[in-house]
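Here is a briefing on one protein chain and its two ligands. Please look through the structure below before reading the points.

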Amino acid sequence: MTLFEKLMDKISGSLSNKINLGKEIHSLKALLKNGYWKRLEKLPPRKAFFNVIDVCNANCVFCPAQKLPSEGIMELPLYRKSIKELDEIGTKSINFSALYGEPLLDPHLFQRIEMASSHGFKTILTTNGIRLSENENVEKLIEKGIDKVNVSMPGFGEKSYAEIFRVDKKNYGKAISGIAKLLRYRGKVDCHLSIRYNSKIPELFQSPGFKHNILPLVNKNFIKENIHLSKKVDNWGGLISEEDLPEGMFLLKPPSLKPVPCKWTFSVAILPGGTVRLCPCRVAEQGKQDELTVGNIRETRLREIWYGKKTKELRRMFSTFDGRELPEACRDCSFYSPP
Ligand code: SF4
Ligand code: SF4
């Protein structure tokens with residue numbers, strides 16, 4: 001089959017999948033300007049994501065955190081070394097939430113934020129919000145210089161916390177009071193709400209929780225720009241299936257074309273033991289120590305890892321059309337996106 005025939009075959013096969021048509025077109029455009037991504041290889045990691053802790057106080061239906069082994073918490077000396085090397089290489093932003101885990105369970109989180117801020121990095125935290133209202137955590141985040149907080153929620157009600165986050169329903173009250181507190185600091189910190197839900201949209205926004213606790217603190221623009229809604233979730237390479245999801249939630253279909261390296265291979269994840277991994281978003285059955293790992297910052301300087309042979313070779317695996325040779329985590333990943 002010629003390259004053109006393969007392309008047409010893939011396109012016709014994907015036409016029925018309207019959900020991903022946008023991504024297929026995006027992939028084709030990226031292929032047509034193939035070579036663009038090679039320029040990105042000469043740049044430092046776009047973003048660095050730390051998996052500072054990989055345990056969580058929730059058990060979301062769409063997340064494999066509780067199914068995978070824990071590597072513990074990243075020690076501060078290793079974090080300090082990583083920050084220094086990221087600064088030297090030229091990365092500008094640090095995110096404290098790679099793959100899975102709740103960063104507000106990390107006893108060193110505030111020191112880490114302070115250290116990153118003092119190096120001039122933009123600092124970003126994604127949290128499930130359950131611990132936001134405890135121990136003046138919101139105030140400490142602001143004081144240490146966090147720039148952006150993204151709170152993941154399953155909706156505005158006790159039922160969704162029990163059904164989607166699979167935690168005691170009293171955690172809804174804790175999360176909502178933490179979010180309300182955070183929203184009061186909106187001038188100092190950029191706030192986002194990422195809602196993965198299974199109800200109808202009117203029910204979501206007419207719920208007492210939204211109307212009484214959130215709406216008085218935000219404007220229309222915030223609702224439009226800073227609240228992200230989705231009923232669709234990734235399958236984590238088969239670790240999550242339709243059976244795991246409650247009625248009203250769906251699995252995203254992976255795009256059939258992955259002809260150029262995924263944009264996430266241009267960001268770096270650093271794991272608790274110092275493993276450097278190309279993707280901060282997804283793992284599959286092999287877990288975090290998989291084919292996307294490219295070195296360990298304890299043993300090798302980040303600059304050598306990032307511009308090294310293994311990193312380059314991994315990106316080139318995306319030039320196959322059927323995806324068979326891709327790392328396991330990438331094969332059926334719906335998060336694939338061309339750079
Ligand atoms: S809150 Fe995040 S890390 Fe925790 S189980 Fe849910 S998706 Fe996974
Ligand atoms: S295809 Fe998925 S697993 Fe692979 S690099 Fe992209 S986001 Fe990560």
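Nonpolar residues number 9 in the shell around ligand 2, alongside 1 polar and 1 charged residue. The model is predicted. The protein chain has 339 residues, and 39% of them count as buried. Its secondary structure comprises 14 helices and 11 strands.

**Ligand 2**
- Cysteines in the surrounding shell are Cys262, Cys279, Cys281, Cys330 and Cys333.
- The aromatic residues Trp264, Phe335 and Tyr336 also surround ligand 2.
- Thr265, Arg282 and Ala329 complete this shell.

**Ligand 1**
- The shell around ligand 1 divides into 6 nonpolar, 4 polar and 1 charged residues.
- Cys56, Cys60 and Cys63 are among the residues around ligand 1.
- Ala58, Asn59 and Ala65 belong to this shell too.
- Further along the chain, Tyr100, Gly101, Glu102, Asn128 and Ser152 are also around ligand 1.

**Core and contacts**
- The largest nonpolar core has 80 residues.
- Phe50, Ile179, Ala269 and Ile270 touch the most other members of that core.
- Helix H8, residues 170-183, gives the most to this core, with 6 residues.
- Ala269 is in contact with Phe49, Asn51, Ala98 and Leu99, and also with Arg277, Cys279 and Pro280, leaving aside neighbours within four places in sequence.
- Cys279 thus appears twice: it is in contact with Ala269, and it is one of the residues surrounding ligand 2.
- Among contacts in the chain with a separation of 6 or more, 76% join residues 24 or more positions apart.

**Strands S2, S3 and S4**
- How many residues of strand S3 are buried? In S3, residues 122-127, 5 of the 6 are buried, so the strand is largely enclosed by the rest of the structure.
- Strand S2, residues 93-95, runs parallel to S3, and 3 bridges join the two.
- Ser93 stands opposite Lys122 of S3.
- Between S2 and S3 the chain passes through helix H5, residues 109-118, in a right-handed β-α-β crossover.
- S3 also pairs with strand S4, residues 148-153, in the parallel sense, over 4 bridges.
- Thr126 has Asn150 of S4 as its bridge partner.
- From S3 the chain reaches S4 through helix H6, residues 137-144, and this β-α-β crossover is right-handed.
- Ser152 lies within the residue range of S4 and is among the residues around ligand 1.

Key
Residues numbered from 1 in each chain as written. Chains lettered and ligands numbered in written order. Predicted model: local features only at pLDDT ≥ 70, side-chain atom pairs only at ≥ 80, totals over all residues. Near = placed C-beta within 6 Å. Nonpolar A, V, L, I, M, F, W, Y, C, P; charged D, E, K, R; others polar. Buried ≥ 20, exposed ≤ 12 C-beta atoms within 10 Å, placed from the backbone. Contact = placed C-beta atoms within 7 Å. Core = buried A, V, L, I, M, F, W, Y, C linked by C-beta atoms within 7 Å. Pairing = 2+ DSSP bridges. Right-handed = clockwise from strand over helix to strand, strands pointing away.
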